[in-house]
Amino acid sequence: MTATPRRSCTGRAARRPGAGAVPATPAAPPTARPAARPAPSPLRDLVALSLLPLPLLLALPGALTGGGGGSRRWFGGGRGESRRAEAQAAKDAAASAFYELDTAQRDLRISIETISAVDDTPAGQRAVSDFAALGRRIDEASGTYIAAVDAVDLDRDELDGAAASRARRALDGAKDELKRVKADLDRFAESLGPLLGKAETQLARLAPAVERAKQSLLATTTALDTVRAQGLRADDLAARLATLAPELTRLNEGAARHGVAETIQRADRVRREAEALRAEAERLPERAGEIDRRLVSLRTRAEALTTRSAQVEPVLSELRRRFTAPCWQDLQHVPEEAAKHVAQAGAKLGEARQAREAQRWADATALLATVRALLDETDEAVSAAGDRLRQLNEVAKDPQREIERTRFAVRDAQRLAMTGRQTPDPRHARPLDDAVARLDRAVTALEGHHPDYWQFLRETEAVRATAARVVELIREERGGS
C-alpha cells in the first residue's frame, strides 16, 4: 500500500493485540529465513484492508496521507509542514485585510458619489480627486496581494520549506501594505465628515422639495378648475401655469441628470410660482367682485362730482365780487378742468367695464386706478374753490385771529430756543427773527384799501412753517426731548 516498512511479528503490536485482531503466530527459529514477500497487488491490498478493525480503517486515510488531505507525502510533516501552515496563515490574514480594504472602499465610494452629486465647490472637487488618488494606491496594494497569492501554490505536494517561507514573507508584506492603505482610507473618510453631512442634508431635502413642487402644481390646477367652474376663464393664469410644464419635466428627469443642487433650486422656484398662481386663482372670484364694486362706486362718485362742479361757477362769481383778483385768479380754470376730468373718468369707466366683461383683470384694475386719480384731482380742485371762499370770509371778518395764531407759534419756538441758554443759538434766532418781521409786514399790508387777504394767509402759513422747522431742529439737536 505505502512505502512504510513492515513491523516485526515480535513487536509491541504483536504482544498487545487489539480487540478483534488476529492472534500472533509463534516466533520462527533464529536460523529460519523469512519467507519471500509476495509482490504487492491491488486485490491483495483490498483483502488486507478488509481484515482490519473498523476504528483502524477510519483512521487509516489520514495516516497514509500525513494528516493533510489530498495526496501529500507521508513524511511531509516536520519543519516543511510548519512553514506551509505559516504561509497559509499569512495568506488568510492577507485575504482578510484585502476584504476589509475592499469593503471600506466600496462604502466610501458611496459617500464620494453623494458629495460629488451635491457639492461642486473646490472642497468637494478636492475630495473626489483625493479619493481617486487613494483608489490608485488601493489598486497597487491589491495587485501586490494578488501577485503574492498567485506566486506560490501552497497546496502543492512538492512545496519545499524555502518556497513556503518566501510565500509567507510576500503575503505578510502584502497584508501590511493593505492595512496601511486601509488606515489612510479611514483617515480620509473621517475628514469627509463636514462635506458628507452637508451633502446628506441636501439629499434629504431633495425628495421633499420635489414632492412639494408637484403638490403645489396639482393644487394650482385644481384651483383653476374650480374658478372655471364659476364662469371665470382665468386665461392669463392658465398661460402662466403652462410655462411651468417644462420645469415639471426636468423635475421628473431627476437629480441624476440635472444635479441635486439645481434640482432643489428648481423645485423651490416651481413651488413658489405655483403657490403664487394658486393664490391668485383662489382670489379671482373676490377680485372680480371687488372690480364690480369699484365700478359702481366710481360711477357714483363721478356723478356726484359732476353736480359739484356745477357749483364752482357761483363760488367764483362771489370771489370776484368781494375780493381782489389775486384771491381768485388761480381758480379760474376749475370749472373747465373739472368738466374735462369728469368726462375722461366716464370714458375710462366704460373701458374698465369692457375689460371686466372680457375678464382682463389687470387691464380693468389699471383703468379703475386711472379713473380714481382723475376724480381725486377733480375733487381737490372743486373743494379748493369752496375752501378759498370760506378762508377769505373768515380772515376778512376777523384777521386778528389768524395773527394771534401765527404769533403764538413763533413765541413757542422762541421759548424753546431759549430753554437752558442765556443767549439763543444764531441758527435758531435768525430764522425766528425773520419770521417775526415777515408777519409784521403781512399785518401792515392789511391796512390798505381792498387788502389781498389770500396773500396774507399765505404769509402767515409760511411764518408758522418756519417756526415749526426751528422747533424740529432744536428737538433733533437735543435728542428728541
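This note goes through the fold, the model confidence and a few local side-chain arrangements.

1. Basis. The structure is a predicted model, in which local features need pLDDT of at least 70 and side-chain atom pairs count only at pLDDT 80 or more, while totals for chains, interfaces and linings use all residues. Residues are numbered from 1 along each chain as its sequence is written, and side-chain values use heavy atoms, with hydrogens and water left out.

2. Confidence. The mean pLDDT (the predictor's confidence in each residue, from 0 to 100) of the protein chain is 81. A value of 70 or more is reached by 83% of the residues. Residues 1–77 have pLDDT below 50. Beyond near neighbours in sequence, that stretch has 32 contacts in the model, a contact being heavy atoms within 4.5 Å.

3. Overall fold. The protein chain has 17 helices and zero strands. Both are DSSP runs numbered from the N terminus, helices being H or I of at least four residues and strands E of at least two. Of the 481 residues, 31% are buried; buried means under 20% relative accessible area, exposed over 50%, and partly exposed in between, with a 1.4 Å probe and protein chains only. Among contacts between residues at least 6 apart in sequence, 76% join residues at least 24 apart. The exposed area of the protein chain is about 29400 Å², and carbon and sulfur atoms supply 54% of it. Accessible areas come from the Shrake-Rupley method with a 1.4 Å probe; for residues, only the protein chains shown count as cover.

4. Helix α13. This helix has 24 residues and spans 34 Å from its first C-alpha to its last, close to the expected 34 Å at 1.5 Å a residue. The expected span is 1.5 Å times one less than the number of residues. Its buried residues include Val334, Ala338, His341, Val342, Ala345 and Leu349. An α-helix has 3.6 residues a turn, so residues three or four places apart point the same way. The buried residues of α13 pack against α11 (260–309), α12 and α14.

5. Positive phi values. Gln359, just after α13, has a positive phi of about 60 degrees although it is not a glycine. Gln359 is in the loop between α13 and α14 and counts as buried at 14% relative accessibility. Ala234, also not a glycine, has a positive phi of about 55 degrees. Ala234 lies in the loop between α7 (193–229) and α8 (235–242), and is buried with a relative accessible area of 2%.

6. Aromatic pairs. A pair of aromatic rings is described by the distance of the centres and the angle of the planes. Here rings of Phe, Tyr and Trp (its six-membered ring) pair if their centres lie within 6.5 Å; planes under 30 degrees apart count as stacked, over 60 as edge-to-face and the rest as tilted. The count by this rule is two aromatic pairs. Phe98 and Tyr145 are stacked, at 4.9 Å centre to centre with 20 degrees between the planes. Phe98 lies in helix α4 (residues 79–118) and Tyr145 in helix α5 (residues 122–151), so this pair ties together parts 47 residues apart in sequence. Phe98 is partly exposed, at 26% relative accessible area, whereas Tyr145 is buried at 11%. Phe323 and Tyr453 form an edge-to-face pair, 6.4 Å centre to centre and 90 degrees between the planes. That pair links distant parts of the chain, 130 residues apart: Phe323 is in the loop between α12 (312–322) and α13 (334–357), and Tyr453 in helix α17 (residues 453–477). Phe323 counts as buried at 8% relative accessibility, as does Tyr453 at 15%.

7. Arginines over tryptophans. A charge sits over a ring if NZ of Lys or CZ of Arg is within 6 Å of the ring centre and within 35 degrees of the ring normal. Arg388 lies over the face of Trp454, 3.6 Å from the ring centre. The charged end of Arg320 sits over the ring of Trp328, 5.6 Å from its centre. Arg388 belongs to helix α14 (residues 361–397) and is buried, with a relative accessible area of 6%. Leaving out residues up to four places away in sequence, Arg388 touches Leu319, Cys327, Trp328, Asp330, Leu331 and Trp454.

8. Ala95 and Ala174. Ala95 is in helix α4 and counts as partly exposed at 30% relative accessibility. The C-alpha atoms of Ala95 and Ala174 are separated by 9.5 Å, with their positions 79 residues apart along the chain.
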